[in-house]
Each structure stands twice: as C-alpha cells, then as structure tokens.
Amino acid sequence: MQPDQEQSIHEELESITHFAQKSLCVANTLGVANELAPDDAGSTSKSFPHAAWEACANAGIQGWTTPTTYGGQGYSTSDTCKRLAALGLGCDDNGLLFALGTQMWGIQKAILRFGSDSQKEKYVRGLSSGEMIGGHAINEPDSGSDALNLSCTAKQTSNGYVLNGLKTYITLAPVARFSLVYASTNKEHGRWGISAFLVDATTTGYNAKPADAMMGLNSAPVGSIVLDNCEVPKTALLGKEGLGASIFNYLQLWERSLLLAPQLGTMKRQLNNCIHFAKTHVRNGVPISSHQSISHKIANMAIKLNTCQALQDNAVNILDADEQSGYHASMLKIQINEAFEQNSRDAIAIFGALGYSANEEHERNLRDAIGSSIYGGTNDMQRVLIASHLGL
Ligand SMILES: Cc1cc2nc3c(=O)[nH]c(=O)nc-3n(C[C@H](O)[C@H](O)[C@H](O)COP(=O)(O)OP(=O)(O)OC[C@H]3O[C@@H](n4cnc5c(N)ncnc54)[C@H](O)[C@@H]3O)c2cc1C
C-alpha cells in the first residue's frame with residue numbers, strides 16, 4: 001500500500017470514528033445513551049454499540065474482505081490488515097474491533113470457503129451490509145482448550161437435523177441473528193464426525209443469553225447458546241457432514257493471523273501517547289523522559305510493536321500465498337497479545353495514577369489485552385502447537 005493510500009484510509013477511519021462519536025452525542029441529547037454506550041472504561045457491564053456497528057457497516061468495514069459479488073469491498077488480506085491496524089489507531093473501543101474481527105474471520109471466511117451459493121447470498125451479503133450479526137460457536141463447558149471434544153449433538157431426521165447441547169462464551173451470541181454451531185453428527189468418528197451448521201437465532205429450541213460480566217472487551221457481548229431439540233433444515237449444514245473440524249481449523253488460521261491486527265494500531269497510539277506524556281510531564285524540574293527508567297520502557301514498547309508488525313506482515317504474506325501455517329499464526333497471536341499486555345502495563349507505569357484511572361484508556365487496554373490471551377485458543381495452547389511443529 002502506498003503512503004497516499006494509507007493517508008486516505010486514515011481520513012476514512014477518522015470520519016467513521018467521528019460519526020460514531022456524533023451518534024453518541026445525539027444519543028446523549030435524546031437521553032438514549034444507554035443504547036449506544038461505547039466500551040465503558042469504568043464498568044464491566046456489557047453494552048453492544050449498535051450505532052457504531054452500523055456506522056462501520058455504512059463505511060463498508062464488515063465487507064472489507066468480502067468479494068464485491070456479495071456486496072463487499074474485495075480488499076486483499078494485506079490491505080485489510082493495514083486497514084484494521086489503522087482502525088485500531090483511530091478507534092479506542094477494543095471490544096468493537098474484537099467483535100468486528102470475530103465476525104470477519106470467524107464466520108464470513110467459513111461461509112465464503114465452504115458455503116453453498118444460497119448460504120453466501122443470504123449470510124455473507126447480510127453480514128457484509130451490517131444487516132446481520134453472526135456468532136462462531138464451538139466452545140462448550142467441558143471442551144475449552146480441547147476444542148474438538150464436543151458434547152453437542154446433531155441427529156439427522158427426515159427433514160434435517162435436531163441439535164442438542166450448550167455453547168458457552170460465544171462472542172456476539174446475545175445480539176447475533178445466527179450462529180455457526182459445531183455439533184457431532186457421528187460420535188464414533190470423533191473429530192471427523194463433527195459438522196457445522198448455520199442456525200438462525202429465531203429457530204425454536206435456540207436460546208441465547210448474555211454471560212456474566214467479563215473483565216474487559218465490554219462492547220463485545222459474550223453469551224451462551226442453549227440448543228434444546230433445535231430443529232434445522234438440511235440447508236443449514238455448512239459444507240458436508242464431517243467437515244466441522246476442517247472448517248474450524250481453517251478459521252483458526254485466519255483468526256490467529258488477523259484478529260489481533262487492530263492491536264498494532266492501538267499499540268502505536270499507546271506509544272505516541274507515552275512519548276508525548278513523557279516529554280511534557282515534569283517532575284523535579286525535568287520531563288520524566290530524561291529518566292532512563294522511562295525512556296527505556298518506551299524503547300521496549302517500540303521494539304515490541306515493530307517485532308509484532310514484522311510477524312504480522314510475514315503471516316499475511318504466507319496467507320496471501322495460500323500457504324497454511326498454523327505455526328506462524330500461533331507465534332503471531334502470542335507475540336501480539338503478550339506485547340499489548342506488557343505495553344499496557346508500561347503505559348500505566350509511565351502515566352502513574354493517571355494510568356490507573358478508569359477514565360483513561362490505559363487500564364482498559366490492559367484488561368482487554370488479557371482477553372486476547374484466552375480467546376481463539378489460550379497462549380498455552382499456541383505454545384503446544386508451536387512445540388509440536390518443532391517436533392517436541
Ligand atoms: C473474551 C472471550 C471471547 C470468546 N469468544 C468465543 C467465541 O466467539 N466462540 C467460541 O467458541 N469460544 C469463545 N471463547 C471461549 C474460548 O475459546 C475458550 O475460553 C478457550 O478456548 C479456553 O478454554 P477454557 O476457557 O475452557 O479454558 P480451559 O481449557 O479450561 O483451560 C484452563 C487453563 O488450562 C490450560 N490448559 C488446558 N489444556 C491445556 C493443555 N493441553 N496444555 C497446556 N495448558 C492447557 C489453559 O491454557 C488455561 O490456562 C471466548 C473466550 C473469551 C475469554
């Protein structure tokens with residue numbers, strides 16, 4: 001991407017952020033702020049920013065990676081990645097960015113790769129336009145890191161399938177119009193007996209409810225889905241029976257490679273803010289940047305950010321070349337979330353009490369960063385995969 005293109009992306013993103021903020025001001029004036037509350041720094045209550053989501057859809061963000069045939073922008077992976085980083089630089093609502101990424105990489109990619117024409121027409125077009133919101137539901141109370149060890153079942157009937165089971169901690173479940181649900185169609189075949197279904201939230205026997213308040217990412221609502229004799233037609237099956245594990249593995253590659261891309265922009269903003277603060281905050285007659293304890297912290301923040309950027313570019317090049325590399329994706333995911341967590345701690349230290357204040361973004365960034373060491377597979381599990389790739 002050329003510098004002038006990057007400049008135009010920044011301008012585009014600035015206008016989106018302004019739009020979202022303007023919506024919020026209007027909402028405050030009208031007394032409906034609760035409906036449009038952004039990621040609330042001081043609280044752990046969840047509130048989905050519908051207006052900001054709509055603003056993003058109007059700006060085409062949900063469709064960045066969707067081909068133009070299905071109403072998207074058709075950007076390359078590399079361009080989308082840069083745009084996501086720019087979005088992270090301009091928008092400080094990490095929950096909103098996480099929710100957007102979950103949908104883009106966790107669902108749209110699956111339907112584009114494995115879906116029928118009518119599934120693509122219905123869901124991908126709906127998701128890209130912002131008309132639909134989708135959840136990606138694999139996690140269960142007794143699976144977690146052992147992700148493909150599912151209890152949820154899908155029994156075939158003459159008309160379709162009947163799903164039973166419980167999915168937990170599913171991002172966007174409370175507001176989703178449908179979810180991509182994994183269930184076992186043949187227990188004897190283990191992971192190769194898992195199938196994936198596109199289940200509309202209005203289906204009888206599908207009940208989504210919010211989870212208890214989480215530590216961070218407050219504007220990305222997380223919830224559970226109870227499937228109680230939930231009957232879906234044959235057309236709900238994504239791909240073929242038994243393809244669930246392959247679909248899941250495919251999505252994990254995309255999620256781990258791109259879900260954290262906005263954090264590169266957030267870390268850049270963090271770095272800029274810390275440099276500015278350190279140079280202007282005076283103690284004992286000197287700016288605190290004159291102390292090595294501060295300037296070296298900032299230098300370390302820059303090293304981490306640039307290392308992440310190099311790994312991100314590498315992971316995208318590999319994806320663009322259509323190579324499958326879970327090894328690089330796992331390294332990238334660990335590197336970004338550990339860097340973001342450490343840089344957030346350093347930013348808090350540099351800002352002192354102001355950094356600890358819930359009115360500033362620093363403590364919230366730390367809470368949000370911790371979430372990324374769990375979702376999409378914990379850092380322990382990424383290390384298990386990396387070690388296994390190394391023959392250990
Ligand atoms: C904010 C958030 C959003 C999420 N969104 C979604 C979503 O949209 N869809 C979805 O399906 N799920 C989602 N999840 C669930 C997420 O995928 C799981 O939480 C994650 O896979 C870990 O599972 P667990 O919480 O059951 O932890 P556990 O599997 O119980 O792990 C507990 C601890 O043991 C360690 N551990 C477990 N097994 C091993 C092992 N073999 N080797 C080494 N260490 C191990 C783990 O690393 C962890 O430290 C989300 C979670 C969060 C926090």
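Is Asn229 buried or exposed? In this predicted model, Asn229 turns out to be exposed, because just 10 other C-beta atoms sit within 10 Å, and a residue counts as exposed at 12 or fewer. Asn229 is part of strand β7, and its phi is positive, about 50°, even though the residue is not a glycine. That makes it worth a second look, since most residues other than glycine have a negative phi.

Leu217 makes a good companion case. Its phi is also positive, near 50°, and again the residue is something other than glycine. Leu217 sits in the loop that runs between β6 (206–210) and β7 (222–233). Here the surroundings are another story: Leu217 counts as buried because it has 26 C-beta neighbours inside 10 Å, where 20 or more are needed.

Stepping back to the whole chain, the protein has 13 helices and 10 strands. Of its 392 residues, 46% are buried. Among contacts with a separation of 6 or more, 73% are between residues 24 or more positions apart.

Strand β5 (residues 194–200) is a good place to see the inside of the fold. Six of its seven residues are buried, so the strand is largely enclosed by the rest of the structure. β5 pairs with strand β4 (residues 178–184) in the antiparallel sense, over seven bridges, and one of the pairings sets Ser184 against Ile194 of β5. β5 also pairs with strand β8 (residues 237–238), again in the antiparallel sense but over two bridges. In that pairing, Ala196 has Leu238 of β8 as its bridge partner.

On to the helices. Helix α7 (residues 244–258) is 15 residues in length and spans 21 Å from its first C-alpha to its last, close to the 21 Å expected at 1.5 Å a residue. The helix is mostly covered, with 12 of its 15 residues buried. Among these are Phe248, Leu251 and Trp254, and the buried set also includes Glu255 and Arg256.

Helix α3 (residues 50–58) has buried residues too, namely Ala51, Ala52, Trp53, Ala55 and Cys56. Gly60 follows α3 and has a positive phi, near 85°. Further along, Ser76 lies in the loop between α3 and α4 (77–90). Ser76 counts as partly exposed because it has 14 C-beta neighbours inside 10 Å, which falls between the limits of 12 and 20. Ser76 and Thr65 are 11 residues apart in sequence, and their C-alpha atoms are 6.7 Å apart in space.

That leaves the ligand. There are 21 residues around the ligand, and Asn139, Gly144, Ser145, Thr378 and Asp380 come nearest. The elements giving two or more residues to this shell are β1 (134–137), β3 (160–171) and α13 (379–389). Sorted by class, the shell has 11 nonpolar, nine polar and one charged residues. As for position, the ligand lies between domain 2 (135–243) and domain 3 (260–389), because both give residues to the shell around it.

Terms used
Residues are numbered from 1 along each chain as its sequence is written. This is a predicted model: local features need pLDDT of at least 70, side-chain atom pairs count only at pLDDT 80 or more; totals for chains, interfaces and linings use all residues. Helices (H or I, at least four residues) and strands (E, at least two) are DSSP runs, numbered from the N terminus. A residue is near a molecule or strand if its C-beta atom, placed from the backbone, lies within 6 Å of it. Ala, Val, Leu, Ile, Met, Phe, Trp, Tyr, Cys and Pro count as nonpolar, Asp, Glu, Lys and Arg as charged, and the others, Gly among them, as polar. Domain bounds come from an automatic or database domain assignment. The expected span of a helix is 1.5 Å times one less than its number of residues. Two residues are in contact if their C-beta atoms, placed from the backbone, lie within 7 Å. Two strands pair if DSSP finds at least two bridges between them.
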